[in-house]
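Biologist: Could you take one spot in this model and walk me through it slowly, then show me how the rest of the chain is arranged around that story? I would love one connected account.

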Amino acid sequence: MDIRELLSKQQGPPPQSASRKKEIAEARKADEARKKYLANYRLQATNAIAAFAADSARLKMKFSPADKTVRSIVHEIAEGHELVSHSFGEEGVSRHVYLFKKEYDLTEAELQCYRAGRKWEPSPVLPARAVAPSEPTTSNALPKTEPLPSLNLQSPIKPPNKSERVMARLAARSAELVQISRDSFGDVPVAGKTDRRTIAQVQADIQAKKKRKLLEVEREADPRDDS
């Protein structure tokens, strides 16, 4: 064993400064206070959510803004009571939990309102207007029609990005160069060709044509063959 290792084992770890000891003690104290706070909050949230679940007159419940750890406690307890939970608001500023009972008619419009940080104010349901006895009610009267829904005029087609525009320009340029090559060298595409013979058929036709010309030359040279 090295003499330095022996001396370090005998001396033990280096002593800590007074400021470092104070920092460690404060961190432990803060950690213990945090654990105590979370345990107390869990107990209070459990009692509040249980009372809310047992109260048939209440259908939703809002909690104060809290951090992510506290909100996770609320979500966990709400799941045990078969409640629907959502978080709304900006993280670190106004993020809070809203609980809803399953029988509550939670609409998408209300969710969008909470996500935007606004207070939900449902539209009041107007009572049906009673028909006065003096008003004529004939069977020829046209029924009232509901107003047409507003049309979404925003185009659902996403505009092409930079890479897609570059690829489109390259494809157009490639097609242009192919057409220039065809015009310059007489290249005809397969779809535009009228002669659909294979290479073997073309060679056979050329050989037959050469034989016919050779026979014609021989007949012109020896006219006796014609007698």
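Modeller: Happy to! Let's start at K60, whose relative accessibility of 29% makes it count as partly exposed, since that value falls between the 20% limit for buried and the 50% limit for exposed. Please keep in mind that this is a predicted model.

The partner to look at is E110, because its side chain meets that of K60 in a salt bridge, with 3.1 Å from N to O. K60 belongs to strand β1 (residues 60-62) and E110 to helix α4, so this pair ties together parts that are 50 residues apart in sequence. The two ends of the bridge differ in exposure: K60 is partly exposed, whereas E110 has a relative accessible area of 1% and is therefore buried.

What else does E110 touch, leaving aside its neighbours within four places in sequence? Besides K60, the contacts are F100, Y104, D105 and W120. The helix that carries E110, α4, spans residues 108-115.

Helix α4 also leads us to a second bridge. E108 forms a salt bridge with R115, and their closest N and O atoms are 3.3 Å apart. Here E108, at 48% relative accessibility, counts as partly exposed, and R115, with a relative accessible area of 47%, is partly exposed too. A third bridge takes us to helix α5 (residues 162-185), where R173 and E176 are three residues apart and therefore separated by about one helical turn. The closest N and O atoms of R173 and E176 are 3.2 Å apart. R173 is partly exposed at 42%, and E176 counts as partly exposed at 40%. Across the whole structure, a search finds eight salt bridges.

Now back to the contacts of E110, since F100 and Y104 are among them and also take part in a ring cluster. Ring pairs link F88, Y98, F100, Y104 and Y114 into that cluster. The structure holds seven aromatic pairs in total. One of a tilted kind is Y37 with Y41: their ring centres are 6.2 Å apart and their planes meet at 35°, so the pair falls in the tilted class. Both tyrosines lie in helix α2 (residues 18-54), four residues apart, or about one turn of the helix. Y37 is partly exposed at 41% relative accessibility, while Y41, at 17%, counts as buried. Inside the cluster, Y98 and F100 make a stacked pair, with 5.2 Å from centre to centre and 15° between the planes. Both Y98 and F100 are buried. One more ring deserves a look: the charged end of K101 sits over the ring of F52, 5.1 Å from its centre.

Y41 brings us to the nonpolar interior. The largest nonpolar core has 15 residues, and those with the most contacts inside it are Y41, I49, F63, V74, L83 and L99. Helix α2, helix α3 (68-80) and strand β3 (96-100) each supply at least two residues of this core. V74 is a good place to see how the core is joined up: not counting residues up to four places away in sequence, V74 touches Y41, I49, F63, V97 and L99. Apart from this core lies another one, of six residues, which include F88, Y98, L111 and Y114. Of these, F88, Y98 and Y114 also appear in the ring cluster.

Let me step back to the whole chain. There are six helices and three strands, and along the sequence they follow the pattern α-α-β-α-β-β-α-α-α. Of the 227 residues, 11% count as buried. Among contacts with a separation of 6 or more, 49% come from residues 24 or more positions apart. The bridge between K60 and E110, whose parts are 50 residues apart in sequence, is an example of a link across such a span. The accessible surface of the chain comes to about 19,900 Å², and 56% of this belongs to carbon and sulfur atoms.

Note on methods: Residues are numbered from 1 along each chain as its sequence is written. This is a predicted model: local features need pLDDT of at least 70, side-chain atom pairs count only at pLDDT 80 or more; totals for chains, interfaces and linings use all residues. Side-chain values use heavy atoms; hydrogens and water are left out. Rings of Phe, Tyr and Trp (its six-membered ring) pair if their centres lie within 6.5 Å; planes under 30 degrees apart count as stacked, over 60 as edge-to-face and the rest as tilted. Buried means under 20% relative accessible area, exposed over 50%, partly exposed in between (1.4 Å probe, protein chains only). A charge sits over a ring if NZ of Lys or CZ of Arg is within 6 Å of the ring centre and within 35 degrees of the ring normal. A nonpolar core is a set of buried Ala, Val, Leu, Ile, Met, Phe, Trp, Tyr and Cys residues joined through side-chain atoms within 4.5 Å. Contact means heavy atoms within 4.5 Å. A salt bridge is a side-chain nitrogen of Lys or Arg within 4 Å of a carboxyl oxygen of Asp or Glu. Accessible areas come from the Shrake-Rupley method with a 1.4 Å probe; for residues, only the protein chains shown count as cover.
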